[in-house]
Amino acid sequence: PRKLLIVVTPTYNRAFQAYYLTRLAHTLKLVPPPLLWLVVETEAQSLETASLLRETGIMYRHLVCEKNVTNIKDRGIHQRNVALAHIEHHQLDGIVYFADDDNVYTLDLFEEMRQIRRFGTWLVGMLVHSKSKTILEGPVCDGEKVVGWHTNEKSKRLRRFHVDMSGFAFNSSILWDPDRWHRPSVDPIRQLDTVKEGFQETTFIEQLVADESQMEGRPPGCSKVMVWHLHLEAASGLLNHHHEQTNNM
Ligand code: UDP
């Protein structure tokens with residue numbers, strides 16, 4: 001039987017929300033089941049998202065992060081934690097993937113995810129809109145072995161793992177592995193509350209794996225871009241004026 005894919009998408013109300021969610025729903029609909037889409041909104045379920053989800057035909061759960069998110073740097077942290085708590089609570093057995101609503105995903109990516117034993121990572125094409133260029137972020141591999149990271153100079157020395165939020169997926173069993181994910185002794189929500197901008201991914205991954213030897217580069221050789229992350233820097237002021245610029249590039 002095929003492994004369950006648990007796709008976690010934090011989303012929030014803004015001008016492009018329906019555009020992004022519709023596009024992502026179409027992609028997910030083409031992925032062979034079983035797939036469970038955990039869509040997490042803040043404060044309350046929006047009617048628009050609820051009706052969009054009802055009509056997709058995808059197996060989904062529409063979750064809400066009730067925490068009053070006042071920190072503009074939050075960027076979906078609490079929503080992802082709500083989804084993790086849901087997965088833990090219901091002991092959902094599958095491969096967990098954080099799929100932001102605004103990225104574009106190939107179907108190959110979901111096929112590769114199903115091969116993951118414990119923790120898989122791959123390249124992400126970061127599209128820097130204002131400069132009209134693509135920067136690769138993610139593993140340099142020798143077969144499945146992760147031997148280094150593609151990154152950009154600015155962050156090279158600081159982050160332990162140079163992985164984008166959409167550049168990894170993991171077996172949910174890690175969440176109940178007492179040697180790795182230390183819940184409930186460490187509350188990931190509190191832990192991630194203080195995370196510096198751009199450090200969300202590495203801080204999270206450091207709780208899942210000890211080092212590169214516990215990672216699987218996908219596909220072997222890691223030379224394929226299967227997901228693109230769009231950075232709408234120039235336009236972000238127009239798109240979500242109440243959010244601070246998040247330019248980690
Ligand atoms: N997001 C959210 N609330 C926010 C900011 C972001 O739910 O206040 C979601 C957004 O819908 C997307 C993901 O978090 O699914 C990543 O957002 P974005 O691409 O804007 O952040 P970036 O990765 O570019 O910093």
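In the predicted model, Thr121 stands opposite Phe168 of strand 10. This pair belongs to the contact between strand 6 (residues 119-121) and strand 10 (residues 168-171), which are joined by three bridges in the antiparallel sense. Both strands are part of an open sheet of seven strands, in which the order is 3-2-1-4-10-6-11 and the pairing is mixed. The edges of this sheet are formed by strand 3 (60-65) and strand 11 (216-217); each has a single partner strand, so one side of each lacks a neighbour in the sheet. In total, the protein chain contains seven helices and twelve strands.

At the other end of the strand order, pairing is parallel. Strand 1 (residues 5-10) runs parallel to strand 2, and the two are connected by six bridges. Within this pair, Val7 has Trp37 of strand 2 as its bridge partner. Strand 2 is also paired with strand 3, again in the parallel sense and over six bridges. Here Trp37 has Tyr60 of strand 3 as its bridge partner. Trp37 is thus bridged to Val7 and to Tyr60.

The connections between these strands pass through helices. Strand 1, helix 1 (residues 17-29) and strand 2 form a right-handed β-α-β unit. From strand 2 the chain continues through helix 2 to strand 3, in a β-α-β crossover that is likewise right-handed. Helix 2 (residues 47-56) lies across strand 2 and strand 3, and its direction makes an angle of about 165° with strand 3. Gly57 follows helix 2 and has a positive phi, near 80°.

Burial was examined for the same elements. In strand 2, seven of the eight residues are buried, so this strand is largely enclosed by the rest of the structure. Helix 2, by contrast, is hardly covered, with a count of zero buried residues among its ten. Over the protein chain of 249 residues, 34% count as buried.

The largest nonpolar core comprises 49 residues, and the residues with the most contacts inside it are Leu5, Ile6, Val7, Val8, Ile95 and Tyr97. Strand 2 (residues 35-42) supplies the largest share of this core, namely five residues. When residues up to four places away in sequence are left out, Tyr97 touches Leu5, Ile6, Val7, Val8, Met113 and Ala169. Among these partners, Val7 is the residue bridged to Trp37 in strand 2, while the span of strand 10, residues 168-171, takes in Ala169.

Contacts of this kind between distant parts of the sequence were also considered for the chain as a whole. Among contacts in the protein chain with a separation of 6 or more, 75% are between residues 24 or more positions apart.

A further set of pairings involves strand 12 (residues 225-231). Strand 5 (residues 104-105) runs antiparallel to strand 12 and is joined to it by two bridges. In this pair, Val104 has Trp228 of strand 12 as its bridge partner. Strand 7 (residues 123-128) is paired with strand 12 in the parallel sense, over five bridges. The bridge partner of Gly125 in strand 12 is again Trp228. Trp228 is therefore a bridge partner of Val104 and of Gly125, with pairing defined by at least two bridges between strands.

Terms used. Residues numbered from 1 in each chain as written. Predicted model: local features only at pLDDT ≥ 70, side-chain atom pairs only at ≥ 80, totals over all residues. Core = buried A, V, L, I, M, F, W, Y, C linked by C-beta atoms within 7 Å. Buried ≥ 20, exposed ≤ 12 C-beta atoms within 10 Å, placed from the backbone. Helix = DSSP H or I, 4+ residues; strand = E, 2+ residues; numbered from the N terminus. Contact = placed C-beta atoms within 7 Å. Axes fitted to C-alpha atoms, helices over the stretch in contact; angles between N-to-C directions. Right-handed = clockwise from strand over helix to strand, strands pointing away.
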